[in-house]
Amino acid sequence: MRAKGNDMASKDCVKVAVRVRPFNKREKDAGSRCIVSMSNNIITIQDPRNQQNRRTFTFDHAFWSHSGFVRNSHGLFVPGEDGGRYADQVSVFEGLGQGVLENALQGYNATLLAYGQTGSGKSYSMLGYGPNKGLVPTLCDRLFQFIRTNQDSRQCQVFFSMLEIYNEQVIDLLSRGSRSPGGLRVREDQQRGFYVEGLRRVPSDSAAQVEQLMEQGTRTRTTAATHMNSNSSRSHMLIILQLKQIFSKECITKQSNINLVDLAGSERQRSSGSEVDRLKEGTAINLSLTTLGNVISALAEAALGKKVVHIPYRDSILTKLLQSALGGNSRTVMIATLSPADICYEESLSTLRYAERAKRIQNRAVVNEGPTERLVKELKAENAKLLLRLSRLDQEGRRTDEETKELRRLLTHNELQIRAIQTLWEQRLQEALKDWEAQYTTITQERTMMQMYPYMLNVNEDPQLSGVIKLFIQDGEWDVGLADSPPRSISIRGLGIQEKHAIFSNQQRKVTVTPLSGSKVTVNGVTTSEKTDLHHLDRLILGSNSTYLFIGFPSERAGEDWARYDYDYFQSELAAAEGIHLHSLCEEQGPRSVQPDPSLLAVFYDYIRLMPMVTEANQMSQELNKGVEFKMEIKNLAMSDSKGHDLEKETAVRVTCVESKQVWMWSKAKFINRKFLMEEMYQQQAGGVSGGVVVGEADLPPLPRDRDPFWDPLEPLHLGSAHLWLQSLPFRIHVEEQVEVVGPEGSEEAILQTQLIPCGPTGLPLGEDDILIDPTELVGKRLDFQLVLDQCCGLRWLKEARNRGVQIGFQMFDCPQPLYTPAVWHNVNPVLEYRVQFTALKTSPELLNYLQSSALVLELWGLQEGCSDLVSGLDGVRMTPEGSSIIIDKASTPENTAVDAAGSDLSSSLHALHQDLEQLRVTNAALRKENSVLREQLSASARHGEPPHAAVMSVSIT
């Protein structure tokens, strides 16, 4: 393919549009607030935690689809009033799709990219739902309308391809054969650029045929997602329309590629920022979207005149295929979709920033001419020359039979070549039409069965993939599972699906499900092991996460809205069965406020989003014999800070080794990354094991432990915290108190016996005569006090396994680093005997306020064998000249270089003393153990009347 002329190259910036969707069911139930506003093409987003913090962006197009709409009698969403601001599907196409179509008809390559977080409306904008057709089907409708209207002036040929990029593998969604291992290869050609080798190109001559091909591709995508345990929100879908326009009279052919790209969910790129996983993040699953961001950033910098050494197109499959669309030979449009809900602020702001960078990219689009059409023109030109030569020979009378025969032969050969080129399209089209007719017959049969029998309808996290698979339950009993042995079996695939998983029975207009031994069946959120009646719109989960909506007999279908039973409904039902639902979480705030806590809403959504992933991780661990269990927890559900304010809630995953009882706690971001790596390991090592059946290569060498996503080095585990209120100290009152250590979910982890002792500079406790009536008398004066941690009782952590230990950590006022007690092991009620003294040389009003209104948060940390102890941070710690107390309230301390120097030396000395003390503790413990053994030997000797050995006597006396 080549440009018609270099002079036609034009510099075009990528056109960027933003579309704001309505609240979804989650956001409505949570009472979400809209934080996005729009004026013309200007978008403003407000930080829900700081209303003064606003960011403004300007784009080429802005579509407000959040409010101001109604649903008409045809099921179309339209503006609620004439001239309303609501942008429906038609408005979006007129703003974006029409331009893409016009560019393609002019002979330019055209690309439309959809970007945004999962659930932000990408697929709805691209594909649509029901009668609300998206950009792709509407573009196809308009394209074939144009072809029919202009068929007298040109011959048009349309080829349709549909592919998916998942885990850096290209999957042909229209392939009729079995999938090749590793997917299709991406090749590079000097003229064509990057292309997919072996990708099926289906000739199409109507929008209905294209719609059927899209349904076929979606069905393949749904089935593949189930088999591979993959998730469509982590895959990219590309639809490629190749358009040839042959102008016979002008001997001109225009050829263009229309790339329609639905990108993976962008939120996969957001990490916690505070945690770095030891195993690389952004594996092959995330690589394409990460690289796309790098390409866009590099091109945006180049457009600003900055020197860019390298554009990383070759770093991923997606960016290779989109090279012409980004900075190359294409006219490109990006639509960025976002949610206006306050709980989606971070993702929406990230999407807007991404789109702002993309609009700076400059492409150089040219009108394209294909090599086949050039050959036709060259053949016709050669024929014209041959005819002219024949006529000249006739005029000059110099024609011979041999020359005439040769010229006639050349003419005939050229005509045959022209005819072969022109008839190739018709032949391929006829083959495609036969396939289409076969597909249409299958669809007709399916629709007939829908009016006769009950069936199970698949429900997917991606709404576009829901309702694609229908499993009909005809009369009699049917085995459902991996086995595919007609005629009385229904074959399904997925994690946790057994060879024979369950029996579905349809007898006397009554449908039941009976789980078989070892299989997991959940009905309406409750796991069942017995024969269960199924009713219309019951929810079923087979295995780990194969979700289906049961559709009853036609007579039971009363026109209900099945759409409300979406993927979130299934997961919310499971969470409610575990006692986790939105209202119960919000009640943790106390009386219901006008606006629910955004962190609670985020926790609930994270919880139901991670639930199926945790279930799948447990299933993979079981099938790969990893002996690891995963359980979801909500961190800080019952915990508060030093002021008593609730801490922000977070979803985490507790990981337990069943055999050794070792425990890890993974953040949401870390677990998601590990889940991706587990899937890669599962597919590579198990070769598609499901239900214990190996269907591929399973004898691969096991991964070394440091690369195993199921394992991590042991680290101290935060078990809970206790609050020791400090208001007695300003009055100089000695307090002994037992405080409860509360776990992240409200469980009692231990009881801690503590003391707060006001004292003098030497550490001697103050008497009753030193008690203050008015604490303000302390301001400007010296204050000394000791914190004593005597004993920790009833340690739940040690009750579960005795080979564990604990430490207590805390951070007083303005101490730069936390302090930790020495580790104690193997004791449910360990004696701590920890004492530390703090001194304020000149008590400030800030310190006084802190003591009167705050608590010291004592954090309980769990240790496991092989885990390093937590060490007190002594950097920046200053000591009193006496060397016995840690200085706090440094801001009010007069500058004294001598004190600083002494403090620095004493800090080093204290650090050395800490190390010596630890060594002495270890040595002392070893000696005590040895003495105990020796005493037992002495006692035994005395009972038998035997004289003790000299060596034993020697050690005893020592």
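The structure, which is a predicted model, holds 0 disulfides, a disulfide being a pair of cysteine sulfur atoms within 2.5 Å. Cys793 is in no disulfide, and the nearest cysteine sulfur, that of Cys792, is 6.8 Å away. Cys657 counts as buried because its relative accessibility is 17%, where buried denotes a relative accessible area under 20%, exposed one over 50%, and partly exposed the range in between, as computed with a 1.4 Å probe on protein chains only. Local features were considered at pLDDT of at least 70 and side-chain atom pairs at pLDDT 80 or more, whereas totals for chains, interfaces and linings use all residues. Residues are numbered from 1 along each chain as its sequence is written, and side-chain values rest on heavy atoms, with hydrogens and water left out.

The secondary structure of the protein amounts to 18 helices and 46 strands; these elements are DSSP runs numbered from the N terminus, helices being H or I runs of at least four residues and strands E runs of at least two. Of the 958 residues in the protein, 50% are buried. Among the contacts with a separation of 6 or more, 68% are accounted for by residues 24 or more positions apart, contact meaning heavy atoms within 4.5 Å.

Helices α2 (residues 89-105) and α4 (residues 135-149) pack at an angle of about 50 degrees, and their axes are 10 Å apart. The axes are lines fitted to C-alpha atoms, for helices over the stretch in contact, and the angles run from 0 to 180 degrees between N-to-C directions. The two helices, α2 and α4, are therefore oblique to each other, given that angles under 35 degrees count as roughly parallel, those over 145 as roughly antiparallel, those of 65 to 115 as roughly perpendicular, and the rest as oblique. The crossing of α2 with α4 is right-handed, that is, the near helix is turned clockwise from the far one by less than a right angle, an anticlockwise turn being left-handed. On the α2 side the contact involves Val92, Phe93, Glu94, Gly97, Gln98, Val100, Leu101 and Leu105, which meet Leu135, Thr138, Leu139, Arg142, Leu143 and Phe146 of α4. These contact residues divide into 9 nonpolar, 3 polar and 2 charged, with Ala, Val, Leu, Ile, Met, Phe, Trp, Tyr, Cys and Pro taken as nonpolar, Asp, Glu, Lys and Arg as charged, and the others, Gly among them, as polar.

Further along the chain, helix α11 (residues 567-577) has Tyr567, Asp568, Phe570, Gln571, Glu573, Leu574 and Ala575 buried, and it is followed by Gly579, whose phi is positive, near 85 degrees. Most residues other than glycine have a negative phi. Arg509, in the loop between β27 (502-507) and β28 (510-515), nevertheless has a positive phi near 55 degrees, and this residue counts as exposed because its relative accessibility is 53%. Phe813, likewise not a glycine, has a positive phi of about 45 degrees; its place is in the loop between β41 (804-810) and β42 (819-820), and at a relative accessible area of 26% Phe813 is partly exposed.

Two pairs of residues separated in sequence were also examined. Gly119, in the loop between β10 (110-115) and α3 (122-126), is partly exposed at 49% relative accessible area, and its C-alpha is 8.2 Å from that of Ser339, 220 residues apart in sequence. Lys244, in strand β18 (residues 236-247), is buried with a relative accessible area of 16%, and Lys244 and Phe159, 85 residues apart in sequence, are 8.8 Å apart in space, C-alpha to C-alpha.
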